[in-house]
Amino acid sequence: MTTTAGKPLSAEIKQYLVVTGNYWAFTLTDGALRMLVVLHFHQLGYSPLQIAALFLFYEIFGVITNLIGGYLGARIGLNRTMNIGLALQVVALLMLAVPSAMLTVVWVMAAQALSGIAKDLNKMSAKSSIKLLVPGDQQGQLFKWVALLTGSKNALKGVGFFLGGALLTLIGFTGAVVAMAAALLIIWLASLILLKKDLGKAKAKPKFNALFSKSRAINVLSAARLFLFGARDVWFVIALPVFLSSQLGWDFWWVGGFLAAWVIGYGIVQSIAPMLIKRSQSASPGGSEALLWAIVLTIIPAAIAFGLKAGLPIATILIGGLLIFGVVFAINSSLHSYLIVSYAKEDGVSLDVGFYYMANAAGRLLGTLLSGWVYQAAGLTACLWISSMLIGLAAVVSIALPKHHAA
């Protein structure tokens, strides 16, 4: 494997490409599986809230997996936790390949729980690995690599939504999950051979209580991340698609296609966040930028809520506001993803990254539960106000972050 200039790739870049390839393949199946489950059970007559309940264990186990997974990564190596995640996703897909009569709610929730464990093992391993592949004095390069990995993941997740719909149409639900399981099995076998042994394994075996022994910066950033992702999902996960369908009259394919396109665009913005923020190699972003962008984001859901309350054209206000929200949220998310990798200790990096993504998963769980409950009780406008409030809390917490981060 060589560069375009004919020079062989460094060992670090080769490992980065393996990690990224694993993450991309997993993300495609993860996005496709979510759309397959949503579409298939929608066809069976399930309501949006009932479909959302199928993913409850997916989110709950994400909280647990990130905490325990970081500990496992430090003890047994990130190559092993990444490969375990790939293998578990294959099993989860095959669980859904059973005859239709066996696809009970409990069975599907169990498969989704396993998929949630797999996803967070894979993500934690991928994000932690980058810390070990970029020299500590190249923080600008680290920001670019993290942004590229994070952004490409979300763009591919959106592509996965389209893939899930296409596979369901072409080969049916069972054929789709079997095809994805077979493809991912090949990726897993290649990963077993190519991924560096003992990547990220701590020099000293960490004790279990190390899970909660974090630096102040990591604790503060994790709290901000919890509020940030709770703020996104409180209106995006259930309230928005149900509103688009029931109030604007969009059919399911329009709703799914629009949300998929939004996720792809969101991922592209994440990938180019370093260019948008425009910090030099020697002055990498820190808490000051995280605070600034959180303040900007706080205004957007409140402005959308004001527009809806004032009787302005609903579709224009909602879609335009959602696009602006996506751009600013992507910058916030990319900043956070860089900061956690930068703050994390190199020895046993997955302990810190896993703790942070536990907070991320807890925020998604909080947002998902609030989205269904608040929308059903008070409507989309109330969800938007709560979103603005949660982002405001993320901004307040971000005040305590280190203002600058020097290499």
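**An aromatic cluster in an all-helix chain**

In this predicted model, one aromatic cluster is formed by F229, W235, F236, W262, Y266, F325 and F329. Across the structure, eleven aromatic pairs are counted. One of them joins Y266 and F329, whose ring centres lie 5.8 Å apart with planes at 35 degrees, so this pair is tilted. Because Y266 belongs to helix α9 (residues 252–271) and F329 to helix α12 (residues 314–343), the pair ties together parts that are 63 residues apart in sequence. The two partners are both out of the way of solvent by the usual count: Y266 is buried at 3% relative accessibility, and F329 is buried at 0%.

F329 also pairs with F325; here the centres are 5.6 Å apart and the planes meet at 20 degrees, under the 30 degrees that count as stacked. Helix α12 holds both F325 and F329, four residues apart, or about one turn of the helix. F325 and F329 are both buried.

Two of the cluster members, W235 and F236, also take part in a helix contact. Helix α7 (residues 216–236) packs with helix α8 (residues 239–246) at an angle of about 20 degrees, and their axes are 5 Å apart. The angle makes α7 roughly parallel to α8. On the α7 side, V234, W235 and F236 meet A239, L240 and P241 of α8. This contact has six nonpolar residues, with no polar and no charged ones.

For the wider setting, the protein chain has 14 helices and zero strands. Of its 407 residues, 57% count as buried. The chain exposes about 16200 Å², and carbon and sulfur atoms supply 72% of that area.

Note on methods
Residues are numbered from 1 along each chain as its sequence is written. This is a predicted model: local features need pLDDT of at least 70, side-chain atom pairs count only at pLDDT 80 or more; totals for chains, interfaces and linings use all residues. Side-chain values use heavy atoms; hydrogens and water are left out. Axes are lines fitted to C-alpha atoms, for helices over the stretch in contact, and angles run from 0 to 180 degrees between N-to-C directions. Helices (H or I, at least four residues) and strands (E, at least two) are DSSP runs, numbered from the N terminus. Angles under 35 degrees count as roughly parallel, over 145 as roughly antiparallel, 65 to 115 as roughly perpendicular and the rest as oblique. Contact means heavy atoms within 4.5 Å. Ala, Val, Leu, Ile, Met, Phe, Trp, Tyr, Cys and Pro count as nonpolar, Asp, Glu, Lys and Arg as charged, and the others, Gly among them, as polar. Buried means under 20% relative accessible area, exposed over 50%, partly exposed in between (1.4 Å probe, protein chains only). Accessible areas come from the Shrake-Rupley method with a 1.4 Å probe; for residues, only the protein chains shown count as cover. Rings of Phe, Tyr and Trp (its six-membered ring) pair if their centres lie within 6.5 Å; planes under 30 degrees apart count as stacked, over 60 as edge-to-face and the rest as tilted.
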